[in-house]
Amino acid sequence: VHPMIGSDHDHYSFQNTSTNHLKVVIMVISAVKNDHHRQAIREAWFNYEGRGYLWEAMFVIGDYHHDLEIEYERSHYGDILVLEGVQDRYRNLTKKVMDGITWFARYSTWKFDNLMKVDDDSFVAIPRLLTVLNNYKMKEKLYLGSKKGPFEPVRDQNSIWYVSPQEWTNEQTKKYRPYYMAGSGYILSHLNVDHIVEQWTRPGGPPFYIYLEDVMVGLLLLDFEVDYIKRRDFSSKVGCKGPIMVVLHYVSPYMQVQYYKNDVSGELCPWK
């Protein structure tokens, strides 16, 4: 059965009241247990200038079962969206991301031009992100990131990305061959967001489902004639490649703060 959310606002636990029109909202996919990652990001790139009027960001987590520490964190910082009834498991990632996108599109009061999805071990250099978005502001169907594909399922059972022939058949592999942006960080224009939500929430859901959320996004946009923009500075690799990066992945909580301190002082990677 396709795991589709309904239109019930009670599925979500978050309220925001800002009515500013933003260049980008950033959805940081996290997990209940990853409080150290969230705190590091709050001490790092959540502090770049322009938050609240050029850009905004929030964490998305699964059901926290009224954990008191999470209750305190939510009330104290006000930057966590809880998807009630969704468990924080890797194979729930597509549902988690799609439900998060749906909240931004249907329930958030933020008005935005673009939505960015990142993981809680991604560092985002906001000033360069805003520059990149300005360069593509005429692209109404912007889909930007570290481009991958066309998608081929991994059949090695030892791989974290293993997809069984039952989950994604050989016939589907032949029929659907999407290009997609790596899940460490990608951008969707508002028009693409609306299309994804329409496909995700339609009666019966889309004709396919795969737990790899970045591939799922590519699938939902397959026939929408989007503007694919491949950027080398939206890295899905480990490490620091220089001062021009927009997204760095596999970043520890400690390095989140170091990258931010280095960047605001003039150079993201002074040791390079």
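Is Tyr143 buried or exposed? Tyr143 is buried, with a relative accessible area of 0%. The structure is a predicted model, and its chain has 272 residues, 56% of which count as buried. The chain holds 8 helices and 11 strands. The points below cover the overall make-up, the aromatic pairs, the charges over rings, the salt bridges, helix 1 and the surface patch.

**Overall make-up**

- The accessible surface of the chain is about 12,700 Å², and carbon and sulfur atoms contribute 50% of this area.
- Among contacts with a separation of 6 or more, 76% are between residues 24 or more positions apart.

**Aromatic pairs**

- The count of aromatic pairs comes to 17.
- One of them joins Tyr143 and Tyr228, whose ring centres are 5.7 Å apart. The planes of Tyr143 and Tyr228 stand at 50°, so this pair is classed as tilted, since that class lies between stacked (under 30 degrees) and edge-to-face (over 60).
- This pair links distant parts of the chain, with Tyr143 in strand 7 (residues 142-148) and Tyr228 in strand 9 (residues 227-230), 85 residues apart.
- Tyr143 has a relative accessible area of 0%, whereas Tyr228 has 27% and is therefore partly exposed.
- Trp200 and Tyr209 form a further tilted pair, with ring centres 6.3 Å apart and planes at 35°.
- In this pair, Trp200 counts as buried because its relative accessibility is 0%, while Tyr209, at 24%, counts as partly exposed.
- Phe151, Trp168, Tyr176, Tyr180 and Phe208 belong to one aromatic cluster.

**Charges over rings**

- Arg51 sits over the face of Phe46, 4.3 Å from the ring centre.
- Lys141 sits over the face of Phe224, 4.0 Å from the ring centre.

**Salt bridges**

- There are 13 salt bridges by the rule applied.
- Glu73 and Arg38 are joined by a salt bridge between their side chains, with an N to O distance of 2.7 Å. Glu73 belongs to helix 2 (residues 68-77) and Arg38 to helix 1 (residues 35-43), so the bridge ties together parts 35 residues apart in sequence.
- Both partners of this bridge are buried: Glu73 has 7% relative accessibility and Arg38 has 0%.
- Arg91 and Glu167 form a salt bridge at 2.3 Å, N to O. Arg91 is in the loop between strand 4 (80-83) and helix 3 (93-106), and Glu167 is in the loop between strand 7 and helix 5 (170-175), so the pair ties together parts that are 76 residues apart in sequence.
- Arg91 is partly exposed, with a relative accessible area of 37%. Glu167 also counts as partly exposed, at 32% relative accessibility.
- Asp119 and Lys117 meet in a salt bridge as well, at 2.7 Å, N to O.
- Asp119 has a relative accessible area of 16% and counts as buried because the cut-off is under 20%. Lys117 is buried too, with a relative accessible area of 0%.
- Through shared partners, salt bridges join Arg38, Arg42, Glu73 and Asp79 into one network.

**Helix 1**

- The buried residues of helix 1 include Arg38 and Arg42, both of which are members of the salt-bridge network with Glu73 and Asp79.
- Ala40 and Ile41 are also buried in helix 1.
- The buried residues of helix 1 pack against three strands and two helices: strand 2 (21-29), strand 3 (55-61), strand 4, helix 2 and helix 8.
- Helix 2, one of these packing partners, carries Glu73, the salt-bridge partner of Arg38.

**Surface patch**

- A nonpolar patch on the surface is formed by Tyr90, Val154, Ile160, Trp161 and Tyr250, which together have about 500 Å² of accessible area.
- Tyr250, one of the patch residues, lies in the loop between strand 11 (247-249) and helix 8 (253-264).
- Tyr250 counts as partly exposed because its relative accessibility is 44%.
- Helix 8, which borders the loop of Tyr250, is also among the elements that the buried residues of helix 1 pack against.

Conventions. Residues numbered from 1 in each chain as written. Predicted model: local features only at pLDDT ≥ 70, side-chain atom pairs only at ≥ 80, totals over all residues. Heavy atoms only, no water. Helix = DSSP H or I, 4+ residues; strand = E, 2+ residues; numbered from the N terminus. Buried < 20%, exposed > 50% of the residue type's maximum accessible area, 1.4 Å probe, protein only. Contact = heavy atoms within 4.5 Å. Areas by Shrake-Rupley, 256 points an atom, 1.4 Å probe, with all protein chains shown as cover. Patch = residues over 30% accessible without salt bridge, like charges linked within 9 Å, V, L, I, M, F, W, Y side chains within 5 Å. Salt bridge = Lys/Arg side-chain N within 4 Å of Asp/Glu carboxyl O. Phe/Tyr/Trp six-rings, centres within 6.5 Å; stacked < 30°, edge-to-face > 60°. Lys NZ or Arg CZ within 6 Å of the ring centre and 35° of its normal.
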